[in-house]
Amino acid sequence: MSKLVAIVGRPNVGKSTLFNRLTGTRQAIVSDEAGTTRDRQYGKCEWGKREFSLVDTGGWVVNSDDVFEEEIRKQVLLATQEADVIVFLVDVKNGVTDLDLQVARILRQAKVPVILCANKTDNNSDRYNAPEFYKLGLGDPYCVSAATGSGTGDLLDVIIEKMGAEEAEDEEDLSIPRFSVVGRPNVGKSSIINAFIGEDRHIVTDIAGTTRDSILTRYTKFGFDFFIVDTAGIRKKNKVTEDLEFYSVMRSIRAIENSDVCILMLDATRGIEGQDMNIVQVIQRNSKGVVVVVNKWDLVEDKSQAVITTFEQAIRQRMAPFTDFPIIFASAMTKQRIFKVLESAKEVYLNRRRRVSTSKLNEELLPIIEAYPPPSIKGKFIKIKYCAQIPDVKVPSFIFYANLPQYVKEPYKRFLENKIRERWDFSGTPINIFIRQK
């Protein structure tokens with residue numbers, strides 16, 4: 001089961017730089033201006049044969065010290081509730097500030113391991129300033145430089161140590177599909193699960209984020225047998241001013257990583273928004289199956305085919321290049337098409353497990369590849385002689401053997417993927433294409 005690590009700290013201490021360094025990407029925008037990070041960044045980090053998820057908790061509003069303090073407090077509280085390990089980042093050049101003391105006061109009460117990390121230790125003389133952070137009461141400060149990478153290896157060792165041993169998964173549970181219902185707050189996640197199970201088991205209100213925890217329910221009706229997870233919104237109803245986007249994404253991460261198929265809920269009255277796309281990105285990065293459900297369809301006045309087509313095109317355009325997934329227009333309140341949602345989720349799960357024989361694959365694809373070969377590069381012709389599906393992997397993966405694999409580019413890989421999808425039903429699930437040396 002994947003672990004979740006959150007980076008917290010006041011603005012401009014280098015959280016996004018550290019995030020980029022640990023994930024090996026340039027995903028988070030880095031600037032000297034405090035509060036640059038507005039969108040929450042989510043990425044994967046692998047170290048010592050262990051993999052974990054990393055969240056950069058940015059996104060507060062600038063221009064007000066009071067707003068800074070309030071937003072940081074919210075971010076830190078959310079991180080202590082959801083993360084397995086917290087990395088508290090401070091600036092060794094600026095020393096201890098009032099905001100650092102406020103964050104430390106919250107973290108000292110956290111029930112999860114906290115790692116104090118003194119960033120911007122760019123040279124040995126900066127290390128002499130690190131002992132000042134002992135006053136935060138969070139143990140030894142680990143000196144790192146996110147900009148140069150100095151000390152980040154030791155930091156990763158400590159993160160892995162704090163995570164503890166990997167949890168063993170129940171083999172019996174692994175054979176049962178897991179469907180997670182994800183989406184932004186107040187889109188109807190709990191309502192549709194209540195409609196599925198025929199009970200008002202999950203509290204439903206008009207207040208965004210009523211659901212407190214991610215709830216696992218086993219569904220065994222009408223010939224189905226699977227686990228379904230309702231991802232939570234925010235913790236308390238009287239705290240609806242908290243950052244709903246950050247909360248919904250953090251709690252969705254766990255459900256998405258531990259599921260086979262994600263039922264992505266959209267609001268028919270609002271369409272697909274930026275907050276939905278944050279969750280879509282998490283689904284796509286984890287290569288999970290997806291069924292898109294446009295909920296609250298009963299509230300839409302014009303239900304003509306033209307409106308449905310326009311809606312579908314808008315959703316597929318936003319989620320491109322992965323566009324081969326079912327879209328269902330449903331209503332949790334009237335139970336319109338909710339059975340179709342379960343059927344589609346089961347079909348996507350079966351598509352993820354679909355296996356195509358090597359002989360059939362070569363019989364169908366090699367004539368197409370011969371007729372439309374990869375474009376030649378530098379006067380060299382690329383020949384693909386053989387292909388096969390990789391067995392025993394969670395995501396359908398195909399390997400093509402070529403004489404010059406390094407010259408096969410992404411557009412041609414998408415061409416191969418499209419030809420596979422045209423001949424076999426892999427709707428709702430991503431496909432991996434690998435080109436290897438013959």
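Let me start with contacts in the protein between residues at least 6 apart in sequence: 69% of them join residues at least 24 apart. Keep in mind that this is a predicted model. The protein has 438 residues, and 53% of them count as buried. There are twelve helices and 15 strands.

Now the cores. The largest nonpolar core holds 29 residues. Which residues have the most contacts inside it? They are L264, V292, V294, W297, I315, M319 and F325. Several elements give two or more residues to this core. The helices on that list are α7 (244–257), α8 (274–285) and α9 (305–319). The strands are β10 (261–267), β11 (289–295) and β12 (327–329). Helix α8 supplies the largest share, five residues. As a general point, nonpolar side chains in soluble globular proteins tend to be buried together.

Take F325 from that core as a close-up. Leave aside its neighbours within four places in sequence. F325 is then in contact with V290, V292, I315, R316, M319, S427 and G428. Three of those names, V292, I315 and M319, are also on the list of residues with the most contacts inside the core.

Apart from this core lies another one, of 26 residues. Its members include V181, V187, Y219 and A330.

Next, helix α6, residues 189–197. Is α6 enclosed or open? Nine of its nine residues are buried, so the helix is largely enclosed by the rest of the structure. The buried set takes in K189, S190, S191 and N194. It also takes in I192, I193, A195, F196 and I197. Just after α6 comes G198, with a positive phi of about 75 degrees.

Last, a helix pair. Helix α11 covers residues 358–371, and helix α12 covers residues 410–423. They pack at an angle of about 140 degrees, and their axes are 11 Å apart. That angle makes α11 oblique to α12. The crossing of the two is right-handed.

Which residues make the contact? From α11 we have E364, L365, I368 and I369. From α12 we have Y412, F415, L416, K419, I420 and R423. By type, the residues of this contact divide into seven nonpolar, no polar and three charged. On helices in general: an α-helix has 3.6 residues a turn, so residues three or four places apart point the same way.

That is the tour: the cores, the enclosed helix α6, and the right-handed crossing of α11 and α12.

Terms used
Residues numbered from 1 in each chain as written. Predicted model: local features only at pLDDT ≥ 70, side-chain atom pairs only at ≥ 80, totals over all residues. Heavy atoms only, no water. Axes fitted to C-alpha atoms, helices over the stretch in contact; angles between N-to-C directions. Helix = DSSP H or I, 4+ residues; strand = E, 2+ residues; numbered from the N terminus. Parallel < 35°, antiparallel > 145°, perpendicular 65-115°, else oblique. Left-handed = near helix turned anticlockwise from the far one by under 90°. Contact = heavy atoms within 4.5 Å. Nonpolar A, V, L, I, M, F, W, Y, C, P; charged D, E, K, R; others polar. Core = buried A, V, L, I, M, F, W, Y, C linked by side-chain atoms within 4.5 Å. Buried < 20%, exposed > 50% of the residue type's maximum accessible area, 1.4 Å probe, protein only.
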